[in-house]
Amino acid sequence: MHTGSPLLPLSHELDSFASPEAFDPGLQDFLHQASDLLCHWLAGASGRPPLPSVRRQPDIAPGPIGADSRQLLTDLQQVMEGAFQPSHPGALAHLDPPPLTASIAAELICAGMNNNLLAEELSPGLSDLERQLCRWFALRLGLPDSGGGVLASGGTLSNLMGLLVARDRLPEQQRQEGVVICSADAHVSLLKATRVMGLRGDGLQRLPVDDDGCMAPEALEQALRDLQEQGRSCIAVVATAGTTVRGAVDPLTAMAAICRGHNVWLHVDAAIGGVFALAGTTTALMDGIALADSITLNPQKLLGITKASSLLLLRDPSLLRATFSTGLPYMDTAVGDHHGGEAGLQGTRPAEILKLWLGLRQLGEAGIEQLLQAALDRRNSVCRRLDAERLDVLSGTLHLLAFRPRGIHGSEADLWCETTRRALLQQGFMLSRPHHGQGRCLKAVFGNPHTSEEHLARLSTLINALVDR
Ligand SMILES: *Cc1c(COP(=O)(O)O)cnc(C)c1O
C-alpha cells in the first residue's frame, strides 16, 4: 500500500505564503518533494490495482497548530494511496483518462498564479487566452468566423448554459412551458438542467433510439409537429455526439435540417465526441456538427486534459452575455468583449484554460490525431475479438463499447455484470456496469493510452471465457 516514495529530509522551512521579495527555497523544496510524491504515485500505477481495496482515513480537521511540511506531505501521500488510479493500463471503466504531463504542470502554475476568470482585471492574459482558444475550437469545428465560447467546470454546466441561452431566444411567456427534446440515451445532465431551469415535469422529452443507439430523424420531426399542435414551444433539440454508454452519434446533419425547418435551436452534446472533429482522419465522425447553434465539448474525457475541462461553443457567442450579464458593479470596465463572469453561469473560476492550452500545445496536431485514432483502434481490436455469437455488443462509432450475454436482461443481467466486473477487476481490468435498456451491461472505454494490444487481447479472452458464468 506504500507508494514507495522516499520522503527526503526538508532542508528549508515552509512559510504559509511565498516571499514576494526573494526566491523562496522553502517553497521550492516543498514543491520538489510534492512532485516527487506525484511522480512515484504515477510510476507505481500498473503495480497496484486501479481501485485500492482499502483506504485509510486521513486526519480531517486542522490541528491546533499548523502542520509542518513533512506532515503535509505525509497527509498528501495518504490520500493518494486511497485514490482511483487512471494511469493503470486496465483503467477502462469511464471517460477518465490519465492526465497529460503538460496539463499537470499547467494546473500547478494555475494554482500558483491564482488568477480569476471572473473579471479581466483579475486575469488579463488568461481571459484573452480563453477567448482566443474557444474561437480556435469553434473554427475547427466548422462554426462561422463569429463563433466562440466559454469554458465551464464540466459538461453538465456547459449543457445547462447552452439550454439557458437557447431558452432566452423564446418569447418570455413561452419559456416555462417549453420543452427540450433529446434521445433516450442522452446524458442525465440534461434532466438536471431542465430541473434547474424550472421546466415542467414533462419538459424533457426523450425519444426512443434505433438499433444503433441513435435518434431517428422521423421521430424528431413527429415530436416537433406534436408540440406545435399542443401549442408548446421547443426550447432546443439536443443531439448527442457520443452517448455515454455506447458512444453512438445522433444523425447531426438530418437533425440540423429538421431544426432549421422548425426554427428550433440545435444543441449538440459532444462532451465525448467533439474532440474527434479536431483531427483530419477522424473529423468525419462529427459530420454535421458545424450546423449546431451550440456545442458542449469536454477535453477532459479523452485528450487527458486534467479535470475540469469543458467548453460551450456557440455560433453566436454574443448571446452568452445577453443571457448571463448582470453588470459587474465592483469591477472595472473590460477592455476586451466582456468579463468572464458576464459570459456564463460561473462567477469566480480558475484559469482552466491554461491546462487545456498547454496540453494541446504538447500534443500538437499529430499527437491529437494519434490519441484519437489509437482510442478507436483499441475499441476495434476488442470488438473484433469479442464472441459476437454469445454477446450482444452495443457499440456506436466512437471509442466505447458495451456488452452483455445474449438473451439476458433484468436481474440476470445485473448478476452477470456484477460477477464479471469483479472477476475482471481481480485481473487488473476495471470496467463499469451502467444501466442500459433492459438491465445492466458492462462497459469499456478505450481512451487510456497505456492499454496495449496485449492487454486488449487478454481482456477479450477473459470476457469470452466469462460469458457463461
Ligand atoms: C460526461 C457527459 C456529460 C457531463 O459532463 P461532466 O463533465 O461530467 O459534467 C454530458 N454529456 C455527455 C454525453 C457526457 O458523456
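**Exercise 1.** How many residues surround the ligand, and which are the closest?

*Solution.* Before we start: this is a predicted model, where local features need pLDDT of at least 70, side-chain atom pairs count only at pLDDT 80 or more, and totals for chains, interfaces and linings use all residues. Residues are numbered from 1 along each chain as its sequence is written, and side-chain values use heavy atoms, with hydrogens and water left out.

Step 1: look for residues with a heavy atom within 4 Å of the ligand. You get 14 of them, and the closest are G155, T156, D269, Q300 and K301.

Step 2: sort the shell by class. It has two nonpolar, ten polar and two charged residues; here Ala, Val, Leu, Ile, Met, Phe, Trp, Tyr, Cys and Pro count as nonpolar, Asp, Glu, Lys and Arg as charged, and the others, Gly among them, as polar.

**Exercise 2.** Which ligand atom lies 2.6 Å from a polar side-chain atom of D269?

*Solution.* Step 1: go to D269, and you'll find that its partner is a nitrogen atom of the ligand.

Step 2: try two other side chains. For Q300, an N or O atom sits 2.8 Å from a ligand oxygen, while a polar atom of T244 is 3.1 Å from an oxygen of the ligand.

Step 3: check the cover. On its own the ligand exposes 380 Å², and the protein buries 86% of that (areas by the Shrake-Rupley method with a 1.4 Å probe; for residues, only the protein chains shown count as cover).

**Exercise 3.** Is M113 buried or partly exposed?

*Solution.* M113 has a relative accessible area of 39%, so it is partly exposed (buried is under 20%, exposed over 50%, partly exposed in between, with a 1.4 Å probe and protein chains only).

Conventions: Polar contact = N/O pair within 3.5 Å; in protein donor to acceptor, adjacent residues only side chain to side chain.
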